[in-house]
Amino acid sequence: MTASGTATVRAHANIALAKYWGKADVVKNLPAVPSLSLTLDGMRTTTRVTFDPGLSADELELGGAPQLGKPLARATKLLNEVRALAGVSTFARIHSHNDFPTASGLASSASGFAALALAAVSALELPLSRDRVSALARAASASAARSLYGGYVELGASAESAARVAPPEHWPLCMLVAVTSEAAKDTGSTDGMQHTARTSPYYSSWVSDAPRLFAEVKAAVLAKDFERLAVAAEQSALAMHASMLAASPALIYFRPATLAVIEAVRAARRSGTPACFTIDAGPHVKVLVEPASAESLRRALSGVEGVLRVLESAPGPDAARVSAQLPELDP
Ligand code: DP6
């Protein structure tokens, strides 16, 4: 059957406070460990999907540039799932725009696949629950399951879909992102975690301790206990990186500026500022801070050598449909 339809969706990036790294099932893309993230209002992907019977293949444009190879293949795989559910064979045109650097450890795949899943389902008017859309996004990129929801969100070990832990207003913390490079990273998360699982003697320790760190992070978020959150979130990020560092060859995402920012955050906390850091598969440092201290910390981080700029975000909302005419997609 052919179908036509279009929908535009905005999804927000999320940053894990308890990290996902490793797969319980590579084919189904089920996570080996539970994770918990904060969705960010200031980092967004806007995606329009148009199913068009006139197309002979799917087309993907990211930030105005046509994409082929891996990015297009990953998008097509997700669209194939949606087409199978709808019983249609029509190809689609995808226009997507990130308002932050892509593929450099700034969670662009999370917001990207969340937006794509919801836009494709909406364009075909499939009556799926948010939970089902989250599962579609998770199959494409597990962290994307979490970007369907605003606020604090969890994805259990081997879970099909993410679930809300608390809404954005539960704890309006501020996330500062110290950007240390505009370049795309060498090793993407999918390859990086497979490499770690295959070659790192620390991978099994990471997988066995991650549930404890997740439980700590979740309890701290629910109790709004900053110090408890800081200790557990930093340990989750560093334990994940320790497993990567022990891989062969080592997977080192840190740059000198990454360590310099970590030092600055530790110094700030020692002197009483409620702040903690986390780092994903890239050189940037994400810093969680109580809003009252955000401006002074932002100034301090901007002055750290190697920091290009500092983005600031509050907790963000659910992924949602938006009006079709948007300046970022139709300049
Ligand atoms: C370090 O979700 O990008 O950001 O499921 O293979 O697409 P795939 O991996 P992805 O991994 C994200 C890893 C992380 C930690 C996290 O977001 O939990």
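How far does a polar side-chain atom of Arg74 lie from an oxygen atom of the ligand? The distance is 3.1 Å, and the first legend places Arg74 among other contacts. The model is predicted, so that local features need pLDDT of at least 70 and side-chain atom pairs count only at pLDDT 80 or more, while totals for chains, interfaces and linings use all residues. Residues are numbered from 1 along each chain as its sequence is written, and side-chain values use heavy atoms, with hydrogens and water left out.

**View 1. Polar contacts of the ligand with Tyr20, Arg74 and Ala142****.** A polar contact is a pair of N or O atoms within 3.5 Å; within protein, one must be able to donate a hydrogen and the other to accept it, and residues adjacent in sequence count only if both atoms are side-chain atoms. An N or O atom in the side chain of Tyr20 is 2.7 Å from an oxygen atom of the ligand. Ala142 contributes a backbone N or O atom, 2.8 Å from an oxygen atom of the ligand. Of the 460 Å² that the ligand exposes when taken alone, the protein buries 94% (accessible areas from the Shrake-Rupley method with a 1.4 Å probe; for residues, only the protein chains shown count as cover).

**View 2. The shell of 18 residues that surround the ligand****.** A residue is near the ligand if one of its heavy atoms lies within 4 Å of it. The closest are Tyr20, Lys23, Ser141, Ser143 and Thr190. The shell divides into seven nonpolar, six polar and five charged residues; here Ala, Val, Leu, Ile, Met, Phe, Trp, Tyr, Cys and Pro count as nonpolar, Asp, Glu, Lys and Arg as charged, and the others, Gly among them, as polar.

**View 3. The open sheet of four strands and helix H8****.** The strand order is E11-E12-E10-E13, with antiparallel pairing. Helices (H or I, at least four residues) and strands (E, at least two) are DSSP runs, numbered from the N terminus, and two strands pair if DSSP finds at least two bridges between them. Strands E11 (275-278) and E13 (309-313) are the edge strands, each pairing on one side only. Five bridges connect E10 (residues 174-179) with E13, and Ala178 stands opposite Val310 in E13. Helix H8 (residues 256-270) packs on the sheet and touches E10, E11 and E12 (285-289), where contact means heavy atoms within 4.5 Å.

**View 4. Strand E5 with its partners E6 and E7****.** E5 (residues 59-62) runs parallel to E7 (residues 92-98), to which four bridges join it; Leu62 stands opposite Ser96 in E7. With E6 (residues 65-67), E5 pairs in the antiparallel sense over three bridges, and Leu60 stands opposite Gln67 in E6. E5 and E6 form a hairpin with two residues between them, and Gly63 in the turn has a positive phi of about 60°.

**View 5. Backbone features at Pro249 and Ser158****.** Ser248 and Pro249 are joined by a cis peptide bond with omega of about -5°. Pro249 is found in the loop between helix H7 (226-245) and H8. Ser158, although not a glycine, has a positive phi of about 60°; Ser158 lies in the loop between strand E8 (152-155) and strand E9 (163-166).

Technical notes
Axes fitted to C-alpha atoms, helices over the stretch in contact; angles between N-to-C directions.
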